[in-house]
Amino acid sequence: MESKMGELPLDINIQEPRWDQSTFLGRARHFFTVTDPRNLLLSGAQLEASRNIVQNYRAGVVTPGITEDQLWRAKYVYDSAFHPDTGEKVVLIGRMSAQVPMNMTITGCMLTFYRKTPTVVFWQWVNQSFNAIVNYSNRSGDTPITVRQLGTAYVSATTGAVATALGLKSLTKHLPLVGRFVPFAAVAAANCINIPLMRQRELQVGIPVADEAGQRLGYSVTAAKQGIFQVVISRICMAIPAMAIPPLIMDTLEKKDFLKRRPWLGAPLQVGLVGFCLVFATPLCCALFPQKSSIHMSKLEPELRAQIHEQNPSVEVVYYNKGL
């Protein structure tokens with residue numbers, strides 16, 4: 001289908017990100033756009049307008065007068081608010097654009113109120129409840145999460161996080177600075193529990209693997225393990241700057257007269273420091289591994305390897321979506 005004179009051509013591939021995903025810089029630019037918190041301020045009408053532009057373009061209809069930059073902007077606004085498989089509008093706090101403000105608030109509070117057991121338990125529970133919403137909102141359409149799987153992952157991750165936090169807290173009574181890093185250890189432990197449990201079906205039946213052209217070749221549990229491992233590493237790395245740098249700064253500041261005279265400034269200052277770290281850490285750590293990851297044929301299960309070799313003898317590397 002050809003476009004009219006002056007209109008955009010219909011061959012812009014808005015199914016893929018705008019920037020080259022084989023480079024770290026390209027992936028970082030993509031995720032800085034995806035996680036932009038300003039998308040949360042868009043009205044329902046603006047979201048619907050972006051959805052119409054994208055869906056019309058995919059159907060071969062170009063919105064009159066639209067530029068390529070506006071088309072890409074509409075694509076990223078659409079992706080920020082609607083589920084890619086179901087097309088449903090994602091609940092506000094489950095969107096990728098809510099990651100920075102939500103994590104900023106929750107992590108800031110975890111780092112501020114780490115001294116008393118009730119507040120440790122409360123903020124670890126809030127964090128895992130938020131994680132459950134995010135994981136459910138950004139689930140894969142190919143591998144839907146059942147209510148039972150969601151519940152198991154939620155209870156296990158919350159229990160793991162609280163047990164880690166309380167266990168380490170009891171060991172650091174005489175080491176105040178070390179105590180500040182207990183929330184990070186709890187979050188890291190919870191990620192190691194939560195993500196594999198949320199994606200347990202992928203570990204049982206595998207995830208789709210495809211050739212470079214996107215032709216599906218079969219399902220691989222090995223690829224699922226590699227993808228889940230990469231996501232766990234990304235999530236833990238994402239938490240490091242926000243949960244390691246502010247405690248060191250706050251430990252120094254709390255010894256100064258300025259904060260001793262204004263103790264009420266501690267919590268907002270901590271939340272602000274966490275937010276500053278997360279603005280950069282969230283997209284940069286999402287970009288550590290390509291979304292479309294690859295695995296060499298020699299690492300696949302023998303049966304799948306034989307099946308692919310029989311159909312496509314020339315294939316040496318297969319690709320899969322690692323998830324977020």
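1. Transmembrane annotation. The unreviewed UniProt entry lists residues 228-249 and 269-289 under "transmembrane region", and since the coordinates belong to a predicted model, the two stretches are described here as the model draws them. Over residues 228-249 the chain is 100% helix and 0% strand, with the C-alpha atoms at the two ends 33 Å apart. Over residues 269-289 the helix content is 86%, again with 0% strand, and the end C-alpha atoms of that stretch lie 32 Å apart.

2. Overall architecture. The protein chain is built from 13 helices and 4 strands, and its C-alpha atoms fill a box of roughly 70 × 55 × 35 Å along the principal axes. Of the 324 residues in the chain, 44% count as buried. When contacts between residues at least 6 apart in sequence are considered, 74% of them join residues at least 24 apart.

3. The largest nonpolar core. This core holds 25 residues, and those with the most contacts inside it are Leu8, Ile12, Ile14, Tyr57, Ile66 and Leu71. The elements that contribute two or more residues to the core are helices α1 (24-34), α2 (44-58), α3 (68-81) and α12 (266-286), with the largest share, 7 residues, coming from α3. The core is also shared between domains, as it draws at least three residues from each of domain 1 (24-89) and domain 2 (98-321).

4. Ile14 and the second core. Leaving aside residues up to four places away in sequence, Ile14 touches Val54, Tyr57, Arg58, Leu71, Trp72 and Lys75; among these neighbours, Tyr57 and Leu71 are, like Ile14, listed with the most contacts inside the largest core. A second core, separate from the one above, comprises 16 residues, including Ile106, Val187, Met243 and Val274.

5. Phe32 and Phe280. The structure holds 6 aromatic pairs. One of them joins Phe32 and Phe280, whose ring centres are 6.4 Å apart and whose planes stand at 75 degrees, so the pair is classed as edge-to-face, for which the angle must be over 60 degrees. Because Phe32 lies in helix α1 and Phe280 in helix α12, this pair ties together parts of the chain that are 248 residues apart in sequence. Both rings belong to residues that are partly exposed, with a relative accessible area of 33% for Phe32 and 40% for Phe280. Ring pairs further link Phe32, Phe276 and Phe280 into a cluster.

6. Tyr78 and Phe82. These two residues form a stacked aromatic pair, with 5.3 Å from centre to centre and 25 degrees between the planes. Tyr78 is buried, at a relative accessible area of 7%, and Phe82 is likewise buried, at 4%; for both residues the value falls under the 20% cut-off for burial.

7. Charges over rings. The charged end of Lys75 sits over the ring of Tyr76, 5.5 Å from the ring centre, and Lys75 is also one of the residues touched by Ile14. Elsewhere in the chain, the charged end of Lys292 sits over the ring of Tyr319, at 5.3 Å from the centre of that ring.

Definitions and conventions:
Residues are numbered from 1 along each chain as its sequence is written. This is a predicted model: local features need pLDDT of at least 70, side-chain atom pairs count only at pLDDT 80 or more; totals for chains, interfaces and linings use all residues. Side-chain values use heavy atoms; hydrogens and water are left out. A nonpolar core is a set of buried Ala, Val, Leu, Ile, Met, Phe, Trp, Tyr and Cys residues joined through side-chain atoms within 4.5 Å. Buried means under 20% relative accessible area, exposed over 50%, partly exposed in between (1.4 Å probe, protein chains only). Domain bounds come from an automatic or database domain assignment. Contact means heavy atoms within 4.5 Å. Rings of Phe, Tyr and Trp (its six-membered ring) pair if their centres lie within 6.5 Å; planes under 30 degrees apart count as stacked, over 60 as edge-to-face and the rest as tilted. A charge sits over a ring if NZ of Lys or CZ of Arg is within 6 Å of the ring centre and within 35 degrees of the ring normal. UniProt positions are given in the numbering used here, feature names are shortened, and annotations may be inferred rather than shown by experiment.
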